[in-house]
Amino acid sequence: MYGLVNKAIEGLVVSEFGAQKWQQIKEKAGYHEETFISMISYDDSITYNLVGAASEITNVSPENLLEAFGSYWVKYTAEEGYGDMLKMGGDNFVDFLNNLNDLHQRVGSMMPGLVPPFFETEGLGDKKIKLTYISKRVGLVPMVIGLLKGLGERFEIKNLQIHNEATLHEKDEYFTQFILEWN
Ligand code: HEM
């Protein structure tokens with residue numbers, strides 16, 4: 001994944017647990033550089049190793065870390081130069097979800113070889129939507145839950161409820177269906 005993601009993991013860990021813990025986590029993950037460069041693509045194993053090491057050192061489950069990371073990402077990108085891109089994504093929750101593929105396409109025009117997720121939406125009436133998350137990567141559903149909660153906060157959605165089905169694996173893709181409902 002692009003260094004931007006790993007840098008955001010660093011930002012979250014340092015803000016929640018301090019710089020010393022982050023040094024320990026990097027070491028445990030076997031990453032020996034000082035930091036990451038946002039616009040360079042790193043092997044996915046580095047990201048997964050960082051989450052695994054962070055879980056062991058902080059005693060927070062990988063799922064809970066990924067969820068916290070998802071919420072953090074919405075704020076992080078807004079502050080790290082992607083605020084306009086977030087604004088272009090729409091001024092309400094549903095429009096924004098519908099525009100996520102375009103958003104990642106724009107990101108991909110700056111980050112060659114980006115492997116973005118893909119989302120499909122289907123309205124199920126007022127304030128209820130089916131969202132399908134399609135990914136080449138496994139294990140990131142908790143991150144999506146955090147992202148949705150972060151977006152819920154950004155758009156001041158009330159009582160957002162998120163239900164997800166088991167992930168299905170077909171060919172080289174992972175499909176997860178979510179039902180989102182709010183007031
Ligand atoms: C302007 C804001 C955003 C930027 C710059 C951005 C950029 C990125 C980047 C660089 C990656 C890593 C992919 C790679 O390196 O191959 C990624 C992955 C991902 N993004 Fe975004 N993103 C943004 C907003 C969002 C939002 C709001 C969501 C909400 C659902 C989202 C969902 C995801 C997911 C789930 C992944 C994991 C990739 C996977 O499943 O394979 N992103 N994004």
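These are my notebook entries on a predicted protein model, covering its two domains, their interface and a few single residues.

**Ground rules**

I worked with a predicted model, numbering residues from 1 along each chain as its sequence is written, and asked for pLDDT of at least 70 for local features and 80 or more for side-chain atom pairs, while totals for chains, interfaces and linings use all residues. My side-chain values use heavy atoms, with hydrogens and water left out.

**Entry 1: the domains**

I began with the division of the chain: domain 1 covers 3-60 and domain 2 covers 66-181. These bounds come from an automatic or database domain assignment. I then looked up the distance between the two centres, taken over C-alpha atoms, and found 22 Å. To the contact (heavy atoms within 4.5 Å), domain 1 gives 13 residues and domain 2 gives 12 residues.

**Entry 2: the interface**

The size of an interface is often given as the accessible area lost when the parts come together. For domain 1 and domain 2 I noted a buried area of about 1100 Å², with 75% of it from carbon and sulfur atoms. Buried area here is the accessible area (1.4 Å probe) that two parts lose on being put together, summed over both.

How many salt bridges does the rule find across the interface of domain 1 and domain 2? I noted one, where a salt bridge is a side-chain nitrogen of Lys or Arg within 4 Å of a carboxyl oxygen of Asp or Glu. I also looked up D44 and R137, whose side chains meet in a salt bridge at 2.6 Å, N to O.

For polar contacts across the interface, the rule finds four residue pairs, both residues at pLDDT 80 or more. A polar contact is a pair of N or O atoms within 3.5 Å; within protein, one must be able to donate a hydrogen and the other to accept it, and residues adjacent in sequence count only if both atoms are side-chain atoms.

On the side of domain 1 that touches domain 2, the elements giving two or more residues are α1 (3-17) and α3 (44-58). Helices (H or I, at least four residues) and strands (E, at least two) are DSSP runs, numbered from the N terminus. The largest share of that side, eight residues, comes from α1.

**Entry 3: two buried residues**

I stayed with helix α1 and picked N6. N6 is buried, at 0% relative accessible area; buried means under 20%, exposed over 50%, and partly exposed in between (1.4 Å probe, protein chains only). Beyond four places in sequence, N6 touches M1, F36, Y42, I46, T47 and L50.

Next came T132 in strand β2 (residues 128-135). T132 is buried too, with a relative accessible area of 11%. Leaving aside neighbours within four places, I listed F118, F119, E120, F175, T176 and Q177 as its contacts.

**Entry 4: positive phi**

Which residue in the loop between β1 (118-123) and β2 did I check? It was K127, which is not a glycine yet has a positive phi of about 60 degrees. K127 is partly exposed at 35% relative accessibility.

K171 has a positive phi of about 50 degrees, and is not a glycine either. I found K171 in the loop between β4 (168-170) and β5 (173-181), exposed at 81% relative accessibility.

**Entry 5: the end of α4**

Last, I looked at M88 in helix α4 (residues 62-88). M88 and N99 are 11 residues apart in sequence and 8.8 Å apart in space, C-alpha to C-alpha. Not counting residues up to four places away, M88 touches N99 and R106.
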